[in-house]
Amino acid sequence: MYLEQFNFDIKYEEECECGNLISLEEFKNIPFEIKRVYYIYGADPSVSRGAHAHKESNQVLISVHGSCEILLDDGKEQKRVVIDKPNKGLLQKSMIWGEMQHFSEDCVLMVIADSFYSVDDYIRDYDQFLELVKVDV
Ligand code: T46
């Protein structure tokens, strides 16, 4: 399974110790129209979040602080990626199963999505997901 990851430019003024700035813009460094931003923080390291696919939504996951592990699954292959940098984004396309695990205590996972929240966009049953991606198991 091909993983699409982004390295966002860090803007800074040379010899300035005032920190870094990252700007995210639709159709520039985010490959879709931005409709929603949400973020998860305070997740216990032992919890697993997600465990679903989206029928139509695409999203970019960014650990703006701390780290977590993302499992992506296209129904044929699974890949695990640790995201741990505020300037790196991981694309989760529609019809890709995703699970978020091993959150560091300080993790802030920010998600940029191309849709408004809709419960109807979720596939939460893994067997149904496999059926929909038409994989022979
Ligand atoms: C994903 C991972 C990283 C809203 O009201 N609006 C929203 O935009 C979202 C995402 C959730 N909610 C409500 C729905 C539930 O009552 O917040 C509650 C928790 O949502 P959920 O159980 O979907 O949380 P996660 O962490 O399992 O999954 C969420 C996203 O749904 C999912 O797409 O990739 O975060």
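A polar contact is a pair of N or O atoms within 3.5 Å. This is a predicted model: local features need pLDDT of at least 70, side-chain atom pairs count only at pLDDT 80 or more, and totals for chains, interfaces and linings use all residues. Residues are numbered from 1 along each chain as its sequence is written, and side-chain values use heavy atoms, with hydrogens and water left out.

Start at the ligand. A polar side-chain atom of Gln-59 lies 2.6 Å from one of its oxygen atoms. Arg-49 places a side-chain N or O atom 2.5 Å from a ligand oxygen. For His-52, the distance from a polar side-chain atom to a ligand oxygen is 3.1 Å. Alone, the ligand exposes 650 Å², and the protein buries 66% of that (Shrake-Rupley areas, 1.4 Å probe).

Now widen the view to the shell, meaning residues with a heavy atom within 4 Å of the ligand. Among its members are Arg-36, Tyr-38, Ile-40, Met-100 and Tyr-117. The shell divides into five nonpolar, four polar and three charged residues; Tyr counts as nonpolar and Gly as polar in this scheme.

Which strands each supply at least two shell residues? They are β2 (36-41) and β3 (49-54), with strands taken as DSSP E runs of at least two residues. The largest share, four residues, comes from β3.

Follow β3 into its sheet. Five strands form an open, antiparallel sheet in the order β6-β5-β8-β3-β10. Its edge strands are β6 (78-83) and β10 (122-123), each pairing on one side only. Pairing requires at least two DSSP bridges between two strands. Two bridges join β3 and β10 in the antiparallel sense. His-54 has Tyr-122 of β10 as its bridge partner. Both His-54 and Tyr-122 are also among the residues around the ligand.

Terms used
Polar contact = N/O pair within 3.5 Å; in protein donor to acceptor, adjacent residues only side chain to side chain.
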